[in-house]
Amino acid sequence: MLDINFIRTHKADVEYAIKSKAYKVDLDELLRLSDERKSLTQQIEQLQQSRNANSAEIKRLGGKPDPKLIETGKKIKAELSKLEDKLAKIEPAYINLLKSVPNVPEKDVPYGLSEDENEVAEIIGEPTKFDFTPKNHYELASIRDWIDKERAAKVTGARFAYIKGDLVKLQMAIINFVINSLTDQSVIKNIIDSYKLDGLSDKPFTPVLPPLMLRTEMYDAMDRLEPREDRYKIEGEELWLQGSAEHVLGSMHAGEIFEEANLPIRYLGYATSFRQEAGTYGKDMEGIIRMHQFDKLEMESFSTKETSRKEHEFFVAIQRWLLEQLELPYRVIRKCTFDIGKPDARGIDMEVWLPGQNKYRETHTADYMTDYQSRRLNTRVRRNSGELELVHTNDATAFALGRIMVAIIENYQTADNKVKIPTVLKPYLNNKEEL
RNA sequence: GGAAGCGUGGCCGAGUGGUUGAAGGCGCACGACUCGAAAUCGUGUAUGCAGAAAUGUAUCGGAGGUUCGAAUCCUCUCGCUUCCGCCA
């Protein structure tokens, strides 16, 4: 949610945000409601003042209240309730309109009304070359009996899978590699230095196993509940399965006040995420590219407004570092206004080269929310000066395990249907050369 | 599933109708003492909204009600805790 005073004073920016993200919000109506609300509130406060004065007078006179004063009190009460009813009538419309305004994109976010307008910012590495015809991950995994979707279909339905055998070991190896790396201060420092993020804190991440469900209220405050058709609701409860650890990590400190000295707070969450994938019927049906359930390592951080943009770049740097550690060819995508989310001020994707599909596919996202989420979550920081202000939030994928394993299988496959193990993962797989 | 209890400031914790935005403590900030620190003492220390400010107003989980007046009484609701049962 944006601040109403910001909207009032930066109307052009907000109009741009609405248009460039293809939202529809009646800003004039919002401002009109805001004015009406303000004037009603002022009238109400004046009445409250006279009510309080009247009560104080009765109190001052002690046990014997003057009937005249009681009469005045009753009159004030009646008027007050009239105005309060009026206010209550416009309040929901006002709040809904205010909530529907998307965050304003940063200046360097390309304008675009479809994902085709995303920009390729950089290409790192070359598409992997083979002296044989490479298979896609599912062909290879089927030969090796690593993925069983038939039985999953029987038990659970489409877009589910049993992951088996060496693929399970590979997933565990990746998880351990990432957790070991990002909780190690020297690794963090190294990333900050090599990507020239001078001045940024080298505080390591705290690993977290979060709950996988969250309340409607929290999901909504994160502004990630919509579209609900893509979420799973628990029947008979005000609970939803999270679609990303961001949802449960970002809401973790709702209503709290951080001390500036404790920021940034960096979490590395590992969680199984759930998505209905509404509107993607028939898309990516082969293999495990797009599933209702997938495991993910996710970064989330809380920082001050001065450091949050750099923190966002730091998250992107970590993503690059991780992909480079795995020696995977990838490209960096600067997402356009349409493609970054409603709460996002900026968004960067990583796409890894998939030989089996002969194209780059999204494996990572980094979202920069400024104070948009924390305003509704009411997550604040007490600055060293004593001032209170909203914190800024960032989130980004470390690895979506399914897709990164697809990338490893396809890029590291051999002619005899084996998968070479990326060097950094070998220590986590008994120093074997291949799976 | 059964029963009971509890939701008050950054934290703990008083407060059952009238200067209570709220005692006391912890924490924190500043000052005194000290060569310095600890300890001790003193002072200060909630947030939102409106306002240049003075100040006003609201907020004691949330919503509604009673009353001239509600943290305090009533109703509903949400959340949490404990005990018993069941299960891992």
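Biologist: Which residues are the closest to RNA strand B, and how many surround it?

Modeller: In this predicted model, 21 residues surround RNA strand B, and the closest are Arg51, Ile58, Lys59, Lys74 and Arg215. Of the atoms of RNA strand B that come within 4 Å of the protein, sugar and phosphate account for 80%.

Biologist: What makes glutamine 48 a polar contact of RNA strand B?

Modeller: A polar side-chain atom of glutamine 48 is 3.0 Å from a sugar or linking oxygen of the strand. A polar contact is a pair of N or O atoms within 3.5 Å, so this pair counts. For serine 55 the corresponding distance to a sugar or linking oxygen is 3.2 Å, and for an N or O atom in the side chain of arginine 380 it is 3.3 Å.

Biologist: Which element gives the most to the surface near RNA strand B?

Modeller: Helix 3, with eleven residues. The elements giving two or more residues are helix 3 (27-60), helix 4 (67-99) and strand 14 (380-382). By class, this surface has four nonpolar, eight polar and nine charged residues.

Biologist: Why are helix 7 and helix 11 called oblique to each other?

Modeller: Their axes come within 12 Å and cross at roughly 130°. Roughly perpendicular ends at 115 degrees and roughly antiparallel applies over 145, so the angle falls in the rest and the pair is oblique. The crossing is right-handed.

Biologist: Which residues make the contact of helix 7 with helix 11?

Modeller: Phe177, Val178, Ser181 and Leu182 of helix 7 meet Ile318, Trp321, Leu322 and Gln325 of helix 11. By class, six are nonpolar, two are polar and none is charged.

How values were computed
Residues numbered from 1 in each chain as written. Chains lettered and ligands numbered in written order. Predicted model: local features only at pLDDT ≥ 70, side-chain atom pairs only at ≥ 80, totals over all residues. Heavy atoms only, no water. Axes fitted to C-alpha atoms, helices over the stretch in contact; angles between N-to-C directions. Helix = DSSP H or I, 4+ residues; strand = E, 2+ residues; numbered from the N terminus. Left-handed = near helix turned anticlockwise from the far one by under 90°. Contact = heavy atoms within 4.5 Å. Nonpolar A, V, L, I, M, F, W, Y, C, P; charged D, E, K, R; others polar. Near = heavy atom within 4 Å. Polar contact = N/O pair within 3.5 Å; in protein donor to acceptor, adjacent residues only side chain to side chain.
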